[in-house]
Amino acid sequence: MSPLPINLVLVSPRNVTSDLLQKGFLDLAHMFRVVGQAESAEEVLCLLGAESVDVVLINETQDDSAYSDVAILSLIRRFNPDLKVIMLAEKSDKQKTIEYFSNGARGLFIKSSAEFQFLCKCVDCVYRGQIWASSEELG
């Protein structure tokens, strides 16, 4: 793990899942620091401009609007192409996986298939420059 806390931004509607993620990372404050949570593209850009961010976690949406997960991913990549982004998905979907990685995601984490400790490992690996996805997702 990194010697300093990895600064995270969570992009997700405020709900039980996002609250649990924040609590989980707070419990590991020596490794991770959630510098903010955003629900919209505007909030994401505001946080990225105001905070030192290492990794952004974007919760998958079913929305196809300008506020969709892919639209926010693309916006982040235009704002800072070197910023590492991990997509959090409910289930594996080959088409979405291709879309995420072609738009600059560095990791894909399937929430239903692993425990929180594996998400922490995913964040650390992506922070260190590795790609994170299972062979099933990369198909």
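Contact here means heavy atoms within 4.5 Å. With that in hand, here are the legends for a predicted model.

**Figure 1. The whole chain, with six helices and five strands.** Start at the N terminus and read off the elements: they run β-α-β-α-β-α-β-α-β-α-α. The radius of gyration is 14 Å, close to the 14 Å that the globule rule gives for 139 residues, so the chain is as compact as a globular protein of that length. Along its principal axes, the C-alpha trace spans about 35 × 30 × 30 Å. Of the 139 residues, 45% count as buried. Now for the contacts: take those between residues at least 6 apart in sequence, and 66% of them join residues at least 24 apart.

**Figure 2. A cavity and the residues that line it.** How many cavities of 30 Å³ or more does a search of the whole structure find? It finds one. The largest cavity holds about 30 Å³ of space. Its lining is made up of Leu 10, Val 11, Ser 12, Thr 17, Leu 21, Leu 57, Asn 59, Leu 88 and Lys 111. Sort that lining by class and you get five nonpolar, three polar and one charged residues. Strand E1 (6-11), helix H1 (16-26) and strand E3 (55-59) each supply at least two of the lining residues.

**Figure 3. Asn 59, a residue of strand E3.** Asn 59 is one of the residues lining the largest cavity. Is Asn 59 buried or exposed? Buried means under 20% relative accessible area, and Asn 59 has a relative accessibility of 11%, so it counts as buried. Leave out residues up to four places away in sequence, and Asn 59 touches Val 11, Ser 12, Pro 13, Asp 69, Leu 88 and Lys 111. Some of those names should ring a bell: Val 11, Ser 12, Leu 88 and Lys 111 are among the residues that line the cavity.

**Figure 4. Leu 119 in helix H5 (residues 116-127).** Leu 119 has just 3% relative accessibility, so it counts as buried. Which residues does Leu 119 touch, not counting those up to four places away in sequence? They are Leu 21, Phe 25, Leu 57, Leu 88 and Phe 109. Leu 21, Leu 57 and Leu 88 also turn up in the lining of the largest cavity. For a sense of scale, pick out Leu 20 as well: Leu 119 and Leu 20 are 99 residues apart in sequence and 13 Å apart in space, going from C-alpha to C-alpha.

**Figure 5. Gln 37 in strand E2 (residues 32-38).** With a relative accessibility of 9%, Gln 37 counts as buried. Setting aside neighbours within four places in sequence, Gln 37 is in contact with Leu 10, Ser 12, Pro 13, Arg 14, Ser 18, Gln 22, Glu 43 and Leu 47. Ile 58 sits 21 residues from Gln 37 along the chain, and their C-alpha atoms are separated by 10.0 Å.

**Figure 6. Val 85 in strand E4 (residues 84-89).** The relative accessible area of Val 85 is 0%, so this residue is buried. Apart from neighbours within four places in sequence, Val 85 is in contact with Val 56, Ile 58, Leu 73, Ile 76, Ala 105, Arg 106 and Gly 107. Ala 71 is 14 residues from Val 85 in sequence, and the two are 13 Å apart in space, C-alpha to C-alpha.

**Figure 7. A salt bridge between Asp 69 and Lys 96.** Side chains of opposite charge can pair when their charged atoms come close. In this view, the side chains of Asp 69 and Lys 96 do just that, with 3.6 Å from N to O. The pair links distant parts of the chain: Asp 69 is in helix H3 (residues 69-79) and Lys 96 is in helix H4 (residues 94-102), 27 residues apart. Both Asp 69 and Lys 96 are buried. Asp 69 is also one of the residues touched by Asn 59, back in Figure 3.

**Figure 8. Two more of the five salt bridges in the structure.** In one, Asp 27 pairs with Lys 23, and the closest N and O atoms are 3.0 Å apart. Lys 23 has 48% relative accessibility, so it counts as partly exposed. In the other, Asp 124 pairs with Arg 128, again with 3.0 Å between the closest N and O atoms. Asp 124 is buried, at 8% relative accessibility, whereas Arg 128 is partly exposed, with a relative accessible area of 47%.

Key: Residues are numbered from 1 along each chain as its sequence is written. This is a predicted model: local features need pLDDT of at least 70, side-chain atom pairs count only at pLDDT 80 or more; totals for chains, interfaces and linings use all residues. Side-chain values use heavy atoms; hydrogens and water are left out. A salt bridge is a side-chain nitrogen of Lys or Arg within 4 Å of a carboxyl oxygen of Asp or Glu. Buried means under 20% relative accessible area, exposed over 50%, partly exposed in between (1.4 Å probe, protein chains only). Helices (H or I, at least four residues) and strands (E, at least two) are DSSP runs, numbered from the N terminus. On a 1 Å grid over the protein atoms alone, a cavity is a set of points where a 1.4 Å probe fits but cannot get out, and a pocket is an open set with protein on both sides within 12 Å along at least five of seven lines; lining residues have an atom within 4 Å of a point. Grid points are joined across faces, edges and corners, and a volume is the space filled by probe spheres set on the points. Ala, Val, Leu, Ile, Met, Phe, Trp, Tyr, Cys and Pro count as nonpolar, Asp, Glu, Lys and Arg as charged, and the others, Gly among them, as polar. The radius of gyration is taken over C-alpha atoms; the globule rule is 2.2 Å times the number of residues to the power 0.38.
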